[in-house]
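Open the model in your viewer and set it to a cartoon view. We will go from the overall fold to a single helix, then to the sheet and the core.

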Amino acid sequence: MPNSKRTLRLLVALQDLDLMIREAHDPEASGEEKNLGFSLKNLETLQTARAKLAEQIGPRWLSLYERISKRYGRAVVPVEGRVCLGCFVTLPTSMAPKKLEDSEIQLCENCGRILYWL
Ligand SMILES: [Zn+2]
């Protein structure tokens with residue numbers, strides 16, 4: 001039985017890693033050109049870490065994550081005061097954080113992003 005809270009934490013970590021990988025791919029954005037060597041080495045480390053994370057997350061959530069992040073850039077977004085911070089739509093009361101405990105990971109009904117409650 002998969003632990004959805006654990007999966008959610010892994011997805012958030014994966015998203016952070018993807019952001020770092022994107023920055024490492026773009027040395028002009030992250031610093032001077034002479035740092036390129038360091039960036040590439042760093043990138044290798046990041047990608048190894050990403051592969052390990054992806055393995056723990058499993059194909060089901062990973063493919064969903066990939067699909068949403070391709071579409072929006074950010075696949076996992078926080079919810080604050082029942083508002084999805086991805087699309088700023090208020091979520092229905094049936095999606096209360098206390099119901100999250102044992103349930104599946106929740107997706108925003110409007111934009112489809114993966115939600116985590118602050
Ligand atoms: Zn949304």
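Helices (H or I, at least four residues) and strands (E, at least two) are DSSP runs here, numbered from the N terminus. With that in hand, colour by secondary structure: the protein chain has four helices and three strands, and from the N terminus on they run α-α-α-α-β-β-β. Residues are numbered from 1 along each chain as its sequence is written. This is a predicted model, in which local features need pLDDT of at least 70 and side-chain atom pairs count only at pLDDT 80 or more, while totals for chains, interfaces and linings use all residues.

**Stop one: helix 4**

Select residues 59-72. This is helix 4, with 14 residues and a reach of 20 Å from its first C-alpha to its last, close to the 20 Å expected (1.5 Å times one less than the number of residues). Now show the side chains of Trp61, Tyr65 and Ile68, which are buried; a residue is buried if 20 or more other C-beta atoms lie within 10 Å of its own and exposed if 12 or fewer, with partly exposed in between and C-beta atoms placed from the backbone. These three cover an arc of only 75° around the axis, which puts them on the same side of helix 4; the arc is that of the directions from the helix axis to the C-beta atoms. An α-helix has 3.6 residues a turn, so residues three or four places apart point the same way.

Turn the view to the face directed away from that buried side, and you meet the exposed residues Pro59, Ser63, Arg67, Lys70 and Arg71. Just after the helix comes Gly73, with a positive phi near 95°.

**Stop two: the sheet**

Next, select the strands. All three form an open, mixed sheet in the order 2-1-3, where two strands pair if DSSP finds at least two bridges between them. Strand 2 (83-84) and strand 3 (114-117) are the edge strands, each pairing on one side only. Strand 1 (residues 76-80) runs antiparallel to strand 2 and is joined to it by two bridges. Zoom in on Glu80 to find Val83 of strand 2 opposite.

**Stop three: the core**

Which residues touch the most other members of the largest nonpolar core? Select Leu11, Tyr65 and Ile114, from a core of 15 residues. Such a core is a set of buried Ala, Val, Leu, Ile, Met, Phe, Trp, Tyr and Cys residues joined through C-beta atoms within 7 Å. Helix 1 (4-25), helix 4, strand 1 and strand 3 each supply at least two residues of this core, and helix 1 gives the largest share, four residues.
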